[in-house]
Amino acid sequence: MVRLRSILLFILLFKSFGSIIIAEQSEEFSEALLLRPLPDRKVLAHFHFESKIPPTRTHGPHHSLFPKSIYQLVHKFRVREMELSFTQGRWNYGRWGGYDPISSRNAKPPGVELWASFDVPQHQVDASWRNLTHALSGLFCASINFLESSTAYSAPQWSFKSFTTNVRYGTLPREAVCTENLTPWLKLLPCRDKAGLSALMDRPSIYRGFYHSQRLHLVSNEFDLAEASSGMVLEQTLTVVLQPVTLGSGMTFGSIRQPSWSLSSLFGRKVSGRCVLSNTSNVYVQLEPNLVSELKSTSAMQQESDVKNLVSQAWSDMSFEMSDSPVRVIKEVYGFHKESSLLYEYSLANSSDSRPFDLEFRWKRPVTWSSQLAPLQASRFLMGSGNERGAIAISLKSVGRSEYTDSSDDEDGRCSLRVDVFQVVPWYVKVYYHTLKVYLDERLHSLADVIERTNVSPSEDKVSPGLMELALRLPCDVNSVILTLEFDKGFLHIDEYPPDANQGFDIPSALIRFPEIKTKLHLFEDKSSCKSPLLSKLQEESPILWYTEVLLVPLTTPDFSMPYNVITITCTVFALYFGSLLNALRRRVEEEERLLKNKATKDSSPIGVLLSKLSAKLRGKPLEPPKSSASSSKVSYKLILRVILVAGIAVAWQYFG
């Protein structure tokens, strides 16, 4: 019997140990870093970390790489998809690009943006959203719990993908982003910031950049019982735009210096090795299609044989050189405007503490180029003056490119461009949606000719914000589009004003989406077993997104110094009143008369008289007789009259004030 129990125990232990090994083998984690020179002499650094786990029902709830806190959030609040971003600065679409996968997925509005979809009944979505905001607020040490109020979030229908009925969206434009938000974000990684590419995240180097955005995107299919579930996928990205410190002399053309850079000059550190828990750990240097075209023209490479020199390991005739030879060079099959971008791949498998990886990029010739732009450049501004009413204007201007005309046709067979507009306005900015006007090339058009469908949810005072979703169908040859909306400015209770109310109130960024124009990198199919998730993500189609500016609206603000002045003068009057009254009530007249008599008796003694005469002689004045008690009582009567006068003034102030 004992032997049978031991055998059963051994079998159970063996099965549990085997399930743990299978779970560890089925989990995946990868890290990658993408570096890209920018036209305005800056460098884009894009960190990409991805964690995958299989479904819980097949591999169990225990994991070794996937963060437990995120796993618990998914199962407790039944989150199907979620995206959270912390951003400081604004993405420069004109200089850094707006027609590439990096800008479409990782260019976020300033502050905090959160949207999530839930696999719960419709009446439980709001409760799940509130609980999720509180959990994320404590997890990332931020003010995300402010989004729990119904005045801070909305329910879009088609502006975000996934499950349209259970999506909630909220943003905090004024949220300050600091290292307290980055530290818990790094704790979700298996190696944290102790090894691998995350060790490059030096706090002073990152936060002195012109733009940085840390993003967390989660997709969970565990609740799809009918489908072949893929488990959970957690994607963590950090996008930073840095001004490199010039290495050597760099390249100077005119008054512009084109700086060279390296990893140590950008981040102040070198990579001492990869994270041992990662399946792949690579560094990529990307050259944009316009830059590749400029390099071809400056190097006079017009034939295909000369083009191969661009992707070789010899950099002597090129406009730039890199310190290390890449493992491989990835070239697009075809790209934007018949040009292809280049990706130079470096592996961290051979780097260590004795041989750290420090890639250096040096320019040898002056090169100027421009990034790829979105079909329409969007901006938003306020119109009107005063503290009563105004208008919001959204301007869309064409970039003058014919490559974007590959869009769908309307019913008449004409080329058309689909543009979606998503905008959330706080309740104290009372927007009149019936005043919507659309101007095409400075001419007023009918809404029925331009707008395909709308989703408008007017704001309700102190209950919910205003939501507007528009689907526009524009001609491909349009040069400018202007949308205007009139609004009135509301009044807030004194408790609803923030501490810096005179600065103004923020209207979150509007989202401009081009759903029919997709962007991706057309790379050769990678058949290797260790395919980089970053390359897979760059090859996925994604619509072009554009976030507008955050508007600052001045509202009627009361004079907050007035309550202070009233409180100060009232407290002063009360202090004089009660102080004088208390002094008069506690003073005893008989005791004062007795003290005066004792003093007079003391002064009438021989020694006192002698001292008084001596003092009068020295001062040259006649000797004064001691005061009688009548004079002291007269003084006390004057004091009582003074107290009564002060009390009367206080009573009159309280009655007539």
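**Figure 1. Salt bridge between Lys 430 and Asp 461 in the predicted model.** The closest N and O atoms of Lys 430 and Asp 461 are 2.4 Å apart. Lys 430 belongs to strand S20 (residues 429-440), while Asp 461 sits in the loop between strand S22 (451-457) and S23. The two residues are 31 apart in sequence, and their pairing links distant parts of the chain. Lys 430 has a relative accessibility of 25% and therefore counts as partly exposed. Asp 461 is also partly exposed, with a relative accessible area of 45%. Side chains of opposite charge can pair when their charged atoms come close.

**Figure 2. Salt bridge between Arg 389 and Asp 488.** The side chains of Arg 389 and Asp 488 meet at 3.7 Å, N to O. Arg 389 is in strand S18 (residues 389-398) and Asp 488 is in strand S24 (residues 480-489). With their positions 99 residues apart in sequence, this pair links distant parts of the chain. Arg 389 is partly exposed at 46% relative accessibility. Asp 488, at 19%, counts as buried, because the limit for buried is under 20% relative accessible area.

**Figure 3. Surroundings of Glu 235 in strand S8.** Strand S8 spans residues 232-242 and contains Glu 235. Is Glu 235 buried or exposed? Glu 235 has a relative accessible area of 5%, so this residue is buried. Leaving aside residues up to four places away in sequence, Glu 235 touches His 48, Phe 49, Arg 215, Leu 216, His 217 and Lys 537. With His 48, the side chain of Glu 235 makes a polar contact of 3.3 Å.

**Figure 4. Salt bridge between Arg 215 and Glu 235.** The closest N and O atoms of this pair are 3.4 Å apart. Arg 215 lies in strand S7 (residues 211-220) and Glu 235 in strand S8, so the salt bridge ties together parts that are 20 residues apart in sequence. Both Arg 215 and Glu 235 are buried. The two residues also belong to a network of salt bridges that links Glu 83, Arg 105, Lys 108, Glu 113, Arg 215, Glu 235, Lys 537 and Glu 540. In total, 27 salt bridges are counted.

**Figure 5. Strand S19 and its partner strands S23 and S26.** Strand S19 covers residues 416-425, and 10 of its 10 residues are buried. What lies on each face of S19? One side carries Ser 416, Arg 418, Asp 420, Phe 422 and Val 424, and the other carries Leu 417, Val 419, Val 421, Gln 423 and Val 425. The residues on both sides are all buried. S19 pairs with strand S23 (residues 466-475) over 10 bridges in the antiparallel sense. In this pairing, Val 424 stands opposite Leu 467. Strand S26 (residues 511-519) also runs antiparallel to S19, and 3 bridges join the two. Here Asp 420 of S19 is opposite Arg 513 of S26.

**Figure 6. Phe 29 and its contacts.** Phe 29 is a residue of strand S1 (residues 28-37). At 2% relative accessibility, Phe 29 counts as buried. Beyond residues up to four places away in sequence, Phe 29 touches Phe 49, Glu 50, Ser 51, Leu 65, Leu 189, Pro 190, Cys 275, Leu 277, Ser 278, Asn 279 and Thr 280. Phe 49 is also one of the residues touched by Glu 235. Phe 29 and Pro 533 are 504 residues apart in sequence, and their C-alpha atoms are 9.3 Å apart in space.

**Figure 7. Residues 564-585, annotated as a transmembrane region in UniProt.** The annotation comes from an unreviewed UniProt entry, which also applies it to residues 639-656. In the model, residues 564-585 are 100% helix and 0% strand. The end C-alpha atoms of this span lie 31 Å apart.

**Figure 8. The whole protein, as context for the close-ups.** The protein has 17 helices and 28 strands. Of its 657 residues, 47% are buried. Among contacts between residues at least 6 apart in sequence, 76% join residues at least 24 apart. The exposed area is about 33500 Å², of which carbon and sulfur atoms supply 55%.

Methods:
Residues numbered from 1 in each chain as written. Predicted model: local features only at pLDDT ≥ 70, side-chain atom pairs only at ≥ 80, totals over all residues. Heavy atoms only, no water. Helix = DSSP H or I, 4+ residues; strand = E, 2+ residues; numbered from the N terminus. Buried < 20%, exposed > 50% of the residue type's maximum accessible area, 1.4 Å probe, protein only. Polar contact = N/O pair within 3.5 Å; in protein donor to acceptor, adjacent residues only side chain to side chain. Contact = heavy atoms within 4.5 Å. Pairing = 2+ DSSP bridges. Salt bridge = Lys/Arg side-chain N within 4 Å of Asp/Glu carboxyl O. UniProt positions renumbered as here; feature names shortened; annotations may be inferred. Areas by Shrake-Rupley, 256 points an atom, 1.4 Å probe, with all protein chains shown as cover.
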